[in-house]
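Visitor: Please pick one small spot in this structure and walk me through it up close. After that, I'd like to hear about the parts around it and elsewhere in the chain.

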Amino acid sequence: MAGRVFEVTLQPAGLTFLADGQQDLLTAARDAGIAVPAACRNGVCEICAARLVSGQALNTRTHQPCMPGSEIMLCRARACSDLKLEITAVMAAGQTIPRKMQARVTGLEAISHDIYRVRLSLPRRRELVFHAGQYLAIQLPDSEPAYFSIASSPDQAELELHIQASPDWVSAQRVVDALRTLTEITLELPFGKACLAAVPRQPLVLVAAGTGFAQMKSVIDYLRHANNAQPVHLYWGVRRLADMYLLDLAREWEQELAPLFTFSPLIGDNEDNDWAGHHDQLARAVLSDGHDWANVQVLASGSPVMVYTLMDALLAQGLPENAFLSDVLEYAPR
Ligand code: FES
């Protein structure tokens with residue numbers, strides 16, 4: 001039976017989640033999609049330790065109340081009131097310091113005429129904390145770092161990337177060629193502030209062009225395994241139908257996540273007569289769906305022109321500036 005629900009604030013990350021008085025704080029945090037490090041889940045390893053700053057909690061090992069100022073294990077504590085906890089191991093969105101790691105290349109397959117799906121395994125995966133929507137750098141010898149969105153969610157064991165490459169796209173093709181022969185590569189990660197560190201409190205609008213879909217896949221996979229209660233609308237724009245390289249997957253999400261998930265495929269090529277989807281430009285199509293722009297969060301991934309066109313249009317419709325997230329704002333500021 002569900003108990004009373006309390007709000008728990010994690011400092012210094014500033015993340016909040018709701019905890020039913022009948023469940024442990026670790027489970028409640030993870031249901032909210034917040035990555036709290038944990039191992040034993042039995043109050044022994046102390047990996048999930050936090051300091052109780054204010055509020056009342058119950059230690060479920062000793063059945064004693066926890067006093068403000070004391071250390072509590074999130075896996076063995078329940079909320080008896082709203083709580084403030086200090087836990088430095090939990091990072092706010094985009095605040096994790098990037099670091100270098102070695103990864104094994106465990107998969108490389110063509111999934112369209114020019115998109116490759118890459119799978120990477122990290123020997124010390126549990127040491128890596130990232131948030132859904134972040135990106136990484138592949139550092140090949142004698143090359144500039146090559147940046148790619150992480151397409152897998154933070155709770156998946158392997159990392160997945162979607163790399164668009166063709167012989168006339170030299171830098172990306174060089175990466176794919178290297179991944180064919182190297183068994184181990186150097187990564188630097190995670191990067192990017194356009195990400196989710198907890199389930200959204202508002203409806204989420206995801207707008208991707210081309211391989212910007214990879215970032216959205218990370219977010220959707222993350223939300224599939226957290227207790228997301230907010231509607232999610234994914235717009236995916238491509239130039240031609242053949243470029244919609246994981247269309248079947250997006251259709252599966254429609255089935256699995258209905259009615260909370262809406263998918264709008266968009267294609268720019270009016271001559272593609274096989275296609276029954278929208279023919280509008282991405283930004284116009286997003287605008288025309290009449291979301292309550294004062295009450296949504298938007299994550300956009302695509303070219304700077306697309307992203308800034310969309311952002312300007314949505315801000316003019318009343319979207320708060322801090323509700324628009326895109327890596328473009330960082331790497332191509334205007
Ligand atoms: S996970 Fe080990 S003490 Fe909480």
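Guide: Let's start with one word we'll need: two residues are in contact if their C-beta atoms, placed from the backbone, lie within 7 Å. Also keep in mind that this is a predicted model.

Our spot is Thr183, which sits in the loop between α2 (170-181) and β14 (184-191). Is Thr183 buried or exposed? A residue counts as exposed if 12 or fewer other C-beta atoms lie within 10 Å of its own. Thr183 has 9 of them within 10 Å, so it is exposed. If you skip its neighbours within four places in sequence, Thr183 is in contact with Arg104 and Val105. Now try Lys193: it is 10 residues from Thr183 in sequence, yet their C-alpha atoms are 30 Å apart in space.

Next, have a look at strand β9 (residues 99-110). Just 1 of its 12 residues is buried, so β9 lies largely in the open. One of its partners is β14, joined to β9 by 6 bridges, with the two strands running antiparallel. You can pick out a pair here: Lys100 has Glu188 in β14 as its bridge partner. Strand β10 (residues 115-121) also pairs with β9 in the antiparallel sense, again over 6 bridges. There, Gly107 stands opposite Arg119 in β10. A hairpin of 4 residues takes the chain from β9 to β10.

Let's zoom out a bit. The domain assignment splits the chain into domain 1 (5-86), domain 2 (99-191) and domain 3 (204-331). The centres of domain 2 and domain 3, taken over C-alpha atoms, are 23 Å apart. Where those two domains meet, 18 residues of domain 2 are in contact with 17 residues of domain 3. On the domain 2 side, strand β13 (residues 159-164) gives the most, with 3 residues. That side is made up of 8 nonpolar, 9 polar and 1 charged residues.

Now step over to the sheet with the strand order β17-β16-β15-β18-β19. This is an open sheet of 5 strands with parallel pairing. At its edges are β17 (261-267) and β19 (324-325), each pairing on one side only. Strand β18 (residues 297-301) pairs with β19 in the parallel sense over 2 bridges, and Leu299 stands opposite Leu325 in β19. Helix α6 (residues 304-316) packs on this sheet, where it touches β15 (204-209), β18 and β19. The direction of α6 makes about 160° with that of β18.

Leu299 turns up again in the surroundings of Leu206. Not counting residues up to four places away in sequence, Leu206 touches Met216, Val219, Val232, His233, Leu234, Tyr235 and Leu299. Leu206 also belongs to the largest nonpolar core, a group of 97 residues. The members that touch the most others there are Val8, Ile34, Leu74, Leu206, Val207, Val298 and Leu310. Helix α3 (residues 213-225) supplies the largest share of this core, 7 residues.

One more stop: an open sheet of 3 strands in the order β5-β4-β7, with antiparallel pairing. β5 (64-66) and β7 (77-79) are at the edges with a single partner strand each, so one side of each has no neighbour in the sheet. Neighbouring strands here are turned by 35° against each other on average, direction ignored. Strand β4 (residues 57-59) is joined to β5 by 3 bridges, and Asn59 has Gln64 in β5 as its bridge partner.

Terms used
Residues numbered from 1 in each chain as written. Predicted model: local features only at pLDDT ≥ 70, side-chain atom pairs only at ≥ 80, totals over all residues. Domains from an automatic or database assignment. Nonpolar A, V, L, I, M, F, W, Y, C, P; charged D, E, K, R; others polar. Core = buried A, V, L, I, M, F, W, Y, C linked by C-beta atoms within 7 Å. Buried ≥ 20, exposed ≤ 12 C-beta atoms within 10 Å, placed from the backbone. Pairing = 2+ DSSP bridges. Axes fitted to C-alpha atoms, helices over the stretch in contact; angles between N-to-C directions.
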